[in-house]
Amino acid sequence: MTGLDPGRLAPPEGFRRTARRLECAGFEAWGVGGSLRDTFVLQLLGDTVANPPEWDLATDARPDEVMELFRRTVPVGVSHGTVRVLDGDEHVEVTTFRRDVETDGRHARVVFASSIEEDLGRRDFTVNAIAWRPASGHVRDPYGGLADIESGILRAVGDPGARFREDYLRVLRGFRFAGRFGWAVEPGTDEALREAVDGLAVLSAERVREELMKVLGDPNPSAGLDLYATRGALAHWYPELLGLAADRGAWLAALGAVDAVPAQELKVRLARLVVSAADTPEGRAEVAEALLSRLRFSNADRRHVTRLSRLFLPFVGPTDSAAEHRRWLASAGEAWEDVFALHFAGARAEEAERAEQAERYLEATRERVRQEWLDEPPLSLADLAVRGDDLLELGMSPGPLVRLLLEELLEQVLEDPGRNDRARLLGEAGRLIEMGVLTEASRPGGGSGGPPAGDEPLGSDA
């Protein structure tokens, strides 16, 4: 007998109004899905105020009947029975009872069913196969999901192997649920998970990416990510991480650092995982580029994570000169705070005494870098007091040497921002042109910044 109390469920008012209207029209309305599951979990944790904002309803009403019954609806998935009902600022996903008639490991062909029991029978795990009827307070729990929540067990509905063959995304969902809630995977379900990982290859990149981002959004994603590694799921979509995962100590250290990044910084968490997978800036960037391209991240996300991975090292330290900090800022730009977040995460994942020392080191560095940033020094060619046209007026011919001279002037300005004076820069440009020292082979030094190799900040796991 479970001690969880359906009487304590407190969904949003929009959900309750939608359910009441369906019931008043002669239909059944059952609360189902992740919000119901999560609320029962929160009860076990003693959380009486946390109510997930979006609740789903299952009903025997057909989609056209739902759309006729409510004034404001959006047909988000009518072919699969789902209509979004809008209630003020709230919305409720209302889905007709369904059952699967054909599956291929990636998609299911469904038909409408006549009972909530049929609908629950097609779900993946017992903890997701629970329904609650607000009109009566009754709970349908044919597979013992409430008892499994109380016991901390993840168990597939019915035959685990069959459930995963129906949709291999359930493998990744299983890792996420077990990791998020700290549940033990029931032995038969665990065995079926391991056997089903090869089926992950049939999934679309978009569905795999969505699951990854949900894991990264958990309070401690390390538990779910570790299941990817220990159950053999990395090879299909994350081969760049296999070498890291093969070293158990390095893998756990990397996951600890991911946990230490604030949960809302999903792309920084992803970058924190990537930077542990290679030893050089180029290698880290290649890992990021390959992984995010395979999962079809947006170009903006791919560029950002790849840039963070490349910038991770070489880094700067508190004893470096202001000019070195400016050079580093010139390369990092707006991403500089995210790069610090990567290093702070690595520091916080260290043992207590070393973590404290590493954080002090990083705090001192960040304060100096922040002050440079707030002073708004010239950091790019666009910030220079001269332009390419100015150099052409000095007699230079159009071509790559114009940019080369601008880069040399920027290097001087990074060393001393006071040099960013138009007359002074034009005089220096004229001097260099007259000397004839600029050639394609004479690229200016600097730009990468940071201390010499071996003077890395404490907490670095490079």
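**Confidence and the largest pocket of a predicted model**

Confidence in the protein bottoms out in strand E6, with a mean pLDDT of 72, and peaks at 98 in strand E10 (residues 153-154); pLDDT is the predictor's confidence in each residue, from 0 to 100, and strands (E, at least two residues) and helices (H or I, at least four) are DSSP runs numbered from the N terminus. Over residues 444-462 the pLDDT is below 50, yet this stretch has 48 contacts in the model beyond near neighbours in sequence, a contact being heavy atoms within 4.5 Å. Where pLDDT is low, the predicted coordinates should not be read in detail. The average pLDDT of the protein is 90, and 90% of the residues score at least 70.

This is a predicted model, in which local features need pLDDT of at least 70 and side-chain atom pairs count only at pLDDT 80 or more, while totals for chains, interfaces and linings use all residues. Residues are numbered from 1 along each chain as its sequence is written, and side-chain values use heavy atoms, with hydrogens and water left out.

Turning to the pocket, its lining comprises 44 residues, with Asp56, Arg98, Arg123, Arg173 and Lys214 nearest the centre of this largest pocket. A pocket here is an open set of points on a 1 Å grid over the protein atoms alone, where a 1.4 Å probe fits, with protein on both sides within 12 Å along at least five of seven lines; lining residues have an atom within 4 Å of a point. Helix H7 gives the largest share of the lining, 7 residues.

Thr95 lies in strand E5 and, at 14% relative accessibility, counts as buried (under 20% relative accessible area, 1.4 Å probe, protein chains only).

Key. Buried means under 20% relative accessible area, exposed over 50%, partly exposed in between (1.4 Å probe, protein chains only).
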